[in-house]
Amino acid sequence: MTDTYKSAHTDFKTGFSYTSYLKLEQLLGAQECLTDAHDEPLFIIIHHVQELWMKLMIHELQSAMICLENATIDPAMKMLARVSKTQEQMASAWEVLKTMTPSDYLVFRSSFGQASGFQSHQYRLIEFLFGNKNAFMMRPHEQHLEHHRLLSQALNAPSIYDLSLRLLHQAGLTLPTSILERDYAQPYEASEIVRDAWLRVYQNTDQYWELYALAEKLIDVEDNFRRWRFNHLITVERVIGFKAGSGGTAGVPYLRRALEIVLFPELWQVRTAL
Ligand code: HEM
C-alpha cells in the first residue's frame with residue numbers, strides 16, 4: 001500500500017461514515033421497480049431526483065420568505081439565486097428522460113395505475129409559495145394529513161409575491177389594504193396600482209435598488225419555472241402524445257393551459273410600460 005491511502009479512515013464502528021450520514025441505504029433502496037422493464041429505473045430515478053431538488057427549493061424559498069417578512073432583502077437574494085440554479089438543474093433533467101421512447105414507456109406504464117406528478121405535494125407547495133393558489137389542488141392530499149396541513153398553511157398565507165408587495169409599500173410606494181391584506185387563498189389578480197409601483201422602481205433604480213434587484217430575481221425564478229413547465233410538456237407529448245394523463249387530466253391540453261399561468265404579472269407588464 002502506498003502512503004497516499006495510509007491515513008484514510010476505514011473503521012466506522014463509531015461515528016459517521018459516508019453511508020450512514022447520508023442514509024444511503026434508505027435513499028438507494030427507494031427505487032423499487034414494479035416491472036423488469038429496462039427503462040423503469042430511469043423513470044423512478046428522474047422523479048426522485050426532481051423531488052429532492054424540490055425539497056431544496058422549498059427550504060430555500062421558505063427561508064427567503066422569512067427574510068422578506070423581516071425586510072432583510074440581501075440574504076433572501078442569495079437564497080433565491082440558489083432556487084434559480086436548482087431550477088436550471090431541474091429543467092435540464094428532461095434531457096435524460098427524453099432518451100425514453102413511447103415504446104420503452106409502454107412496457108411498464110400499466111404498472112403504476114393512477115399515480116401522477118399531479119399528486120406531488122412538494123410541487124403544489126412550491127406553486128402556492130410562488131402564489132399560484134388553487135384550493136382544488138388540495139383534494140389529492142386529503143388522505144395525507146401532514147401534506148394537507150402543509151398545503152393548507154401555504155394556501156392561506158402570503159406568497160413570496162405578496163411579501164414583495166409589502167416591501168414596496170414599506171418603501172413608500174403606497175398600496176391599498178385591499179391588496180396588502182387580500183384573501184391569500186384566492187388567486188392573485190393583477191392591478192394597475194401595483195404595476196405603477198413597480199414602474200417607479202424600474203424608473204428610479206438607484207433609489208429602489210434592493211427592490212429592483214428583488215424584482216429581477218423573481219423574474220429569473222418565474223422564467224425558469226416556465227421553462228420547467230415547457231420542457232415537461234414537450235417530453236410528455238413525445239412520450240404519450242395526446243393520451244389522457246395517469247392522474248386523470250386530459251394530459252397535454254391540461255399542461256398547455258398551465259403554460260399560461262403568470263406568477264408575478266405586474267413584473268412582466270412593467271416591461272411594456274417602461
Ligand atoms: C414520461 C414521463 C412523464 C409523463 C408521460 C408525464 C405526464 C404527465 C401528465 C399527462 C400530467 C398531467 C396530469 C395527469 O397525469 O393527468 C403530468 C403532470 C405533472 N407531472 Fe408529469 N410526466 C412525466 C414525467 C414527470 C417527471 C419526471 C416529473 C418530475 C417530478 C413530473 C412531474 C409532474 C408534475 C409536478 C405534474 C403536475 C403539473 C401541474 O399540475 O401543473 N412528471 N405529467
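This passage describes the overall fold, the ligand site, one side-chain contact, a pocket and two backbone features of a predicted model.

The chain is built from helices, with 15 helices and zero strands. Along the principal axes, its C-alpha atoms fill a box of roughly 65 × 55 × 35 Å. The chain has 274 residues, and 41% of them count as buried.

A good place to begin is the ligand, which carries an iron atom. The only protein donor of this iron is NE2 of His 232, at 2.2 Å. His 232 belongs to helix α13, which spans residues 209-240. The side chain of His 232 also has an N or O atom 3.0 Å from a nitrogen atom of the ligand. Backbone atoms take part in the surroundings of the ligand as well. A polar backbone atom of Gly 247 is 2.8 Å from an oxygen atom of the ligand, and for a polar backbone atom of Ser 246 the distance to a ligand oxygen is 3.5 Å.

Seen as a whole, the shell around the ligand holds 27 residues. The closest of these are Ser 116, Arg 124, His 232, Thr 249 and Tyr 254. Several helices contribute to the shell: α4, α6 (94-97), α8, α13 and α14 (252-258) each supply at least two residues. By residue class, the shell divides into 15 nonpolar, eleven polar and one charged.

Helix α4 appears again in a contact within the protein. Gln 50 is located in this helix, and its side chain is joined to that of Trp 228 by a polar contact of 2.8 Å. What is the relative accessibility of Gln 50, and is the residue buried or exposed? The value is 6%, so Gln 50 counts as buried, the limit for that class being under 20%.

Attention now turns to the second largest pocket, which contains about 220 Å³ of space. Which helices each supply at least two residues of its lining? They are α4 (40-69), α8 (121-130) and α9 (145-156). Of the contributors, α4 gives the most, with four residues. Both α4 and α8 thus appear in the lining of this pocket and in the shell around the ligand. The lining residues include Gln 62, Met 65, Ile 66 and Glu 69. Leu 125, Leu 129, Leu 150, Gln 153 and Ala 154 are also part of the lining, as are Ala 157, Pro 158 and Leu 163. Sorted by class, the lining has nine nonpolar residues, two polar and one charged.

Finally, two backbone angles deserve a look. Lys 23 has a phi near 50°, a positive value in a residue other than glycine. Its place is the loop between α2 (18-21) and α3 (24-29). Ala 71 is not a glycine either, and its phi is positive at about 60°. This residue lies in the loop between α4 and α5 (73-92). How accessible are these two loop residues, Lys 23 and Ala 71? Lys 23 has a relative accessible area of 49% and is partly exposed, because the exposed class requires over 50%. For Ala 71 the relative accessibility is 42%, so this residue also counts as partly exposed.

How values were computed: Residues numbered from 1 in each chain as written. Predicted model: local features only at pLDDT ≥ 70, side-chain atom pairs only at ≥ 80, totals over all residues. Heavy atoms only, no water. 1 Å grid on protein atoms, 1.4 Å probe; cavity = no way out; pocket = protein on both sides within 12 Å on 5 of 7 lines; lining within 4 Å. Points joined across faces, edges and corners; volume = space filled by probe spheres on them. Nonpolar A, V, L, I, M, F, W, Y, C, P; charged D, E, K, R; others polar. Donors = N, O, S within 2.8 Å, 3.2 Å for Na, K, Ca; no water. Near = heavy atom within 4 Å. Polar contact = N/O pair within 3.5 Å; in protein donor to acceptor, adjacent residues only side chain to side chain. Buried < 20%, exposed > 50% of the residue type's maximum accessible area, 1.4 Å probe, protein only.
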